Each structure stands twice: as C-alpha cells, then as structure tokens.
Amino acid sequence: MAFAKRMLEAIGARKTQLSLAVRLAVAAVAAYATARALHLMLPLWAVLTSLIVTQMSVGRSLKATRDYMLGTIGGAAYGGAIAMLIPHSGEGGLLALLVLTVAPMAFIGAINPSLSAATVTAVIVLLVPAMNHANPLDSTIDRLFEVAVGALTGLVVSFLVLPSRAISQIRINAAQLLELLAAAFAELLAGLTRGLDNDALHRIQDGIGTAMTSLHAIGLEAERERGAHLSSGPDTGPLLRTIQRLRHDVVMIGRASVVPLPANVQARLAGPLAGVSKAIVDYMRAAAASLRSGSGAVDIQPVDAALQAYAAEVAVLRSDGLTRGVPVDVAERFFALGFSLEQMRQNLRDLDRCHAEWCETASGAKV
C-alpha cells in the first residue's frame, strides 16, 4: 500500500507530463485511423506529423502546426517542382537532383528554423516516386494530404484531450523559479560572513538561467493563446519582467558576496541581515505556493520592516565610522549590496502586485 501511494503521488506530481503522453497516444491512433479511412498512400507520415504538432500546451501546438505546415507546403512545392521540371535518369541524375533539392532547403531552414520541415518534405517528395515508380505530382499531393491529416488531428487532440494551457503552466514555472531564487538568496546572504568563490556562486545559481529561459518560452506560448482567444488571464509580461529583475538582483548580491564583510561590520549587521534573509525568503516561498495554487494572500510588510531595520543599522554603522579605512573593493561591494537590496524591495513590491492580479484572475476563473 505504501508503494502504491508513493507511485500515485509521483504520478500526480507529473500530471502535465502524463497528460501529454495521453494526448500523444490518442493523436497517433486517431491520425492512423483517419489516414487509413482516407486511403492515404503512407499513413506513417500522418502519424509522425500528429506526434510532432502535439505539444505540452495548446499555444505550443499552434506554433508547431503552423511551422510544420508552412515547411511542408514549401518543401513539397519545391521538391515536386524539381522532380517534374528537371528531367533525370539513373543514379547520377538522381544524386544531382538530391543536392539541388537539399542545399537550398537546408539553407532556408538554417536561416529560419521554423521552416526546417521543408528539407525533409522536399527529399520525400523527390525520392518516394523514384523508389515506387510513382508520379511526382501524385507524391506531392499525397504528402500534403498526409501532413494535413496529421497536423489537424494533433491540433484537435491538443484542444479536446486533457488540454493544457500555457497560462496555467506559467504559474507552476514561475513558482518553481521563485523557490530557486529564494534558496539562492538565502545562501548568498549567508556568504557575506564567509565569502564565496566563483565555483560556489555558479553552484548556488545553477538552474536559475535555464528555468528563466523556460519561463519566457512559456510566456510566448501563453500570449499566442491569448491572441487566438484560446485562453484568458493577465498579461504575462509584468510577471515575467519582475521575476527577471529579481534574478538580476540575486546576481548582483552574489557579486557582493565574493568578499566577506569586515569582522566588526559583520557583528553589527548579522542580526539585520538574518532578518532580511528570513523575511524575503519566506515571502518568495509563500508567493510561490500561492501562485501554484492560485489563491491566498501574502503579506509583504515583514520584508519592508526587515529592510528598514537593515537600512537603519547601516546608517548608524556609517555614522560610527566603521566603513572608513576598509579596502576599496570591500567598500564598493558593501554599498552595492545596499543598492541591490533596495532594488529588490521595489521588485518584490512589483511581484506583490503581479501576484495579486494573477491570484484574483485564478479566483474569478474558479468561481
């Protein structure tokens, strides 16, 4: 029973991936059945196309369908024209046509990766008639029908079978990124008392850049869905930009943590910095949990109070002259830390506004 419970929990945690697996299976079966019912020459291409265009979210499926159809139409037209307009005989002639077909299509695909399917389609349209002794025009038309069936099947399945909207994936990915930033922030502030080398900095921030890139990609998919009126929700731009700025703040604080603070400064700032670390980490983790569930308010007042206490202690410390006579690089990093924390305060306020908007929208959708 315990093993079964753990398995169910593991599967539940991968609900998005499981939904994609189900959609892919349904798309493959539906594409094959449709292709057979229409008596298409090669149902294989309908099945493969349905797998290519069935993506993690509806927005990504829309883009994959558009790109694959454009590439297929262009490649089929070019490959068919080469096969029909340029006479050839024997293996040598066919090889020359193959070069003439692949080189231009590959060049276009390198310039515009969304048209990468054009090269494969052109080659298929050129070689299949030569292998089966079929008419190039018939091969071109068959290829277009096969891809159209697969693309439409995959797109319909993406809409109807356990559909996943990019707008909901943004909540999950943004929450994960905030948790990564919170963990990095806590470790970086702790590093002010011992210093951090470059290897430690890279380890602490490992994965944040990849998660940020993934979040921006999902944001584009969400805007594509909104543009097609397939989903509703707040503009993704403010949330993504705010998280990006928070990441920059963490990077700046990391640079300030390379050199530890002087011992007398550490003693005075240990308490205020610990308060800042706890308040910001608690807030970011609470905001992450709230974004993931789509509900719940998060109080930002402890963050403001902790940063005010830190700023007040810094002012007293400077008036006592403890920052005089320290090495220039240490002084620069000390003041850079203060600037970064102040920037972080503003960015966390922006995050608070974005968080409230997203949770309000989620609550409205549930009602």
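In this predicted model, Asp304, Glu342, Arg345 and Arg349 are linked in a network of salt bridges. Side chains of opposite charge can pair when their charged atoms come close. A search of the whole structure finds 11 salt bridges. Three further pairs are described here in turn.

The side chains of Arg292 and Glu179 form a salt bridge, with a distance of 3.1 Å from N to O. Arg292 belongs to helix 12, which covers residues 263-293, and Glu179 belongs to helix 8, so the pair ties together parts that are 113 residues apart in sequence. Arg292 has a relative accessible area of 36% and is partly exposed. Glu179 is also partly exposed, because its relative accessible area is 32% and the partly exposed class lies between 20% and 50%.

A salt bridge also joins the side chains of Arg245 and Asp350, at 3.2 Å from N to O. This pair, too, links distant parts of the chain. Arg245 sits in helix 11 (residues 236-256), and Asp350 sits in helix 14 (residues 328-366). The two residues are 105 residues apart. Their accessibility falls into two classes. Arg245 is partly exposed, with a relative accessible area of 32%. Asp350 has a relative accessibility of 13%, so Asp350 counts as buried, the class for values under 20%.

The third pair lies within one helix. Asp282 forms a salt bridge with Lys278, and the closest N and O atoms are 2.7 Å apart. Both residues lie in helix 12. Asp282 and Lys278 are four residues apart, which is about one turn of the helix. Asp282 is partly exposed, at a relative accessible area of 38%. Lys278 reaches 56%, so Lys278 is exposed, the class for values over 50%. Helix 12 thus appears in two of the described contacts: Arg292 of helix 12 pairs with a residue of helix 8, while Asp282 and Lys278 pair inside helix 12.

Empty space was examined next. Rolling a probe the size of a water molecule over the atoms shows where empty space is left. The largest pocket holds about 660 Å³ of space. The pocket is lined by 24 residues. Closest to the pocket centre are Thr16, Gln17, Gln169, Ile172 and Asn173. Helix 1 (2-13), helix 2 (15-37), helix 8 (166-190) and helix 10 (208-227) are the elements that give two or more residues to the lining. Helix 8 gives the most, with seven residues. Helix 8 is also the helix that holds Glu179, the partner of Arg292. By class, the lining of the largest pocket consists of nine nonpolar, 10 polar and five charged residues.

The surface also carries a nonpolar patch. Met84, Leu85, Leu137, Ile141 and Phe145 form this patch. Together, these residues have about 510 Å² of accessible area. Helix 4 (58-85) and helix 7 (136-160) each supply at least two residues of the patch. Helix 7 gives the most, with three residues. Leu137 lies in helix 7. The relative accessibility of Leu137 is 42%, so Leu137 counts as partly exposed, the class between 20% and 50%.

Technical notes. Residues are numbered from 1 along each chain as its sequence is written. This is a predicted model: local features need pLDDT of at least 70, side-chain atom pairs count only at pLDDT 80 or more; totals for chains, interfaces and linings use all residues. Side-chain values use heavy atoms; hydrogens and water are left out. Patches are made of residues with over 30% relative accessible area and no salt bridge: like charges are joined within 9 Å, nonpolar side chains (Val, Leu, Ile, Met, Phe, Trp, Tyr) within 5 Å. Accessible areas come from the Shrake-Rupley method with a 1.4 Å probe; for residues, only the protein chains shown count as cover. A salt bridge is a side-chain nitrogen of Lys or Arg within 4 Å of a carboxyl oxygen of Asp or Glu. Buried means under 20% relative accessible area, exposed over 50%, partly exposed in between (1.4 Å probe, protein chains only). On a 1 Å grid over the protein atoms alone, a cavity is a set of points where a 1.4 Å probe fits but cannot get out, and a pocket is an open set with protein on both sides within 12 Å along at least five of seven lines; lining residues have an atom within 4 Å of a point. Grid points are joined across faces, edges and corners, and a volume is the space filled by probe spheres set on the points. Ala, Val, Leu, Ile, Met, Phe, Trp, Tyr, Cys and Pro count as nonpolar, Asp, Glu, Lys and Arg as charged, and the others, Gly among them, as polar.
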